[in-house]
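Here is a short briefing on the annotated active site of this protein. Please look at the sequence and the model first.

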Amino acid sequence: MTEVTREVFGQMPQEEGGGVVEKFVLKSDSVKVEILSLGCIIAALETKDRDGKFADVVLGFDTLEGYTRKHPFFGAVVGRVANRIGKGRFTVEGKEYQLFLNNGPNSLHGGARGFDKVLWSPQVLPNGVCFFRLSPDGEEGYPGDLKVWVTYTLSAGELAIDYRAQTSKTTPINLTNHAYFNLAGQGSRDIYDHEISIEADSYLPVDDTKIPTGEVATVQGTGFDLRQPVELGKHLQKFRLDGFDHNFCLQPAQARHLAARARHPPTGRAMEVYTTQPGIQFYTGNNLDGSLKGKGAVAYPKHSAFCLETQNWPDAVNKPHFPSALLRPGEEYSHTTWLLFSAA
């Protein structure tokens with residue numbers, strides 16, 4: 001049985017359009033998750049260790065002010081297009097579109113004011129909450145009025161995130177959640193003692209601006225072979241990697257399939273990621289540098305969290321051989337991601 005409550009979390013600044021930000025708390029016997037109407041942000045996620053002790057395993061802030069300042073998309077739904085679009089440019093049906101560049105020469109996670117920075121309209125469900133917004137034609141340079149629904153539901157140890165969208169004009173779309181996890185508990189120094197596995201035979205090599213080169217490369221014999229669990233710190237050392245910020249290519253499937261697993265042996269906490277998407281971005285918090293102070297005034301240094309962002313492949317709108325990123329009028333964009341938490 002899931003209990004759902006709501007409360008006021010804060011008031012948006014007038015220069016951001018004002019409005020009340022609500023917090024929705026979903027609680028089962030084994031998981032408690034707090035979600036904001038700002039950016040559909042997962043602000044806290046508490047789960048048990050093997051001794052039944054709860055800890056909050058996602059990075060974030062105690063107050064609204066943290067989320068209205070610049071931060072690296074902690075816990076947010078990002079869109080219209082998650083990840084990077086090369087040079088912030090694409091052509092659809094013969095027309096070229098130019099987006100705001102907010103990541104070197106590229107556009108990242110929807111642009112200057114993406115889905116993470118706006119208020120969504122909530123509707124409480126028996127076991128969760130559904131958020132809706134209309135992204136107007138031309139918002140951040142994207143074509144078409146886009147209706148978007150993001151639904152969070154909690155059942156025992158499983159959090160499901162369901163994404164749906166409809167458009168009035170053909171537009172690229174790629175929605176994901178950008179939660180930063182540390183299964184030892186947020187505020188723990190690093191993730192080196194975590195075991196990670198990803199169910200992918202191939203990955204996308206990137207250029208020096210993190211845009212896929214277009215090659216789909218095998219993981220075999222490389223540091224990207226995570227098909228068997230690896231201890232992250234030792235693995236990074238062994239392959240002399242600074243960290244991961246790459247798309248792993250999952251087996252094409254319409255149905256739910258296992259994409260990745262993370263485990264923290266000292267506490268027994270584990271998280272499995274299931275999805276219907278063709279890709280998952282594994283990011284190891286390489287750009288965290290300790291300058292941001294989060295919950296409990298704890299600094300978040302490099303490699304203090306990881307993200308497993310289920311997604312379509314990055315820059316797919318500019319790469320015809322990648323899975324299509326386009327949504328057309330009369331179609332529905334729909335996918336679900338499931339996060340399953342356990343401890344042993």
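In this predicted model, the side chains of E309 and H178 are joined by a polar contact of 3.4 Å. UniProt, in an unreviewed entry, lists H178 and E309 under "active site". The two span 132 residues in sequence, yet their C-alpha atoms are no more than 6.2 Å apart, so they gather at one spot. Of these residues, E309 is included in the lining of the largest cavity.

**H178**
- H178 sits in a loop, between β16 (176–177) and β17 (195–198).
- Its relative accessibility is 4%, so H178 counts as buried; the cut-off for buried is under 20%.
- Beyond four places in sequence, H178 contacts a run of residues that includes P72, F73, F74, G75 and A76.
- Further contacts of H178 are V78, H109, Y283, C307 and E309.

**E309**
- E309 belongs to strand β25, which covers residues 307–311.
- E309 has a relative accessible area of 3% and is therefore buried.
- Leaving out residues up to four places away in sequence, E309 touches T176, N177 and H178, among others.
- E309 also touches H109, G279, I280, Q281 and Y283.

**Shared surroundings**
- Which residues touch both H178 and E309? H109 and Y283 appear among the contacts of H178, and E309 touches H109 and Y283 as well.
- H178 and E309 are also in contact with each other, and their side chains make the 3.4 Å polar contact.

Technical notes: Residues are numbered from 1 along each chain as its sequence is written. This is a predicted model: local features need pLDDT of at least 70, side-chain atom pairs count only at pLDDT 80 or more; totals for chains, interfaces and linings use all residues. Side-chain values use heavy atoms; hydrogens and water are left out. UniProt positions are given in the numbering used here, feature names are shortened, and annotations may be inferred rather than shown by experiment. On a 1 Å grid over the protein atoms alone, a cavity is a set of points where a 1.4 Å probe fits but cannot get out, and a pocket is an open set with protein on both sides within 12 Å along at least five of seven lines; lining residues have an atom within 4 Å of a point. Helices (H or I, at least four residues) and strands (E, at least two) are DSSP runs, numbered from the N terminus. Buried means under 20% relative accessible area, exposed over 50%, partly exposed in between (1.4 Å probe, protein chains only). Contact means heavy atoms within 4.5 Å. A polar contact is a pair of N or O atoms within 3.5 Å; within protein, one must be able to donate a hydrogen and the other to accept it, and residues adjacent in sequence count only if both atoms are side-chain atoms.
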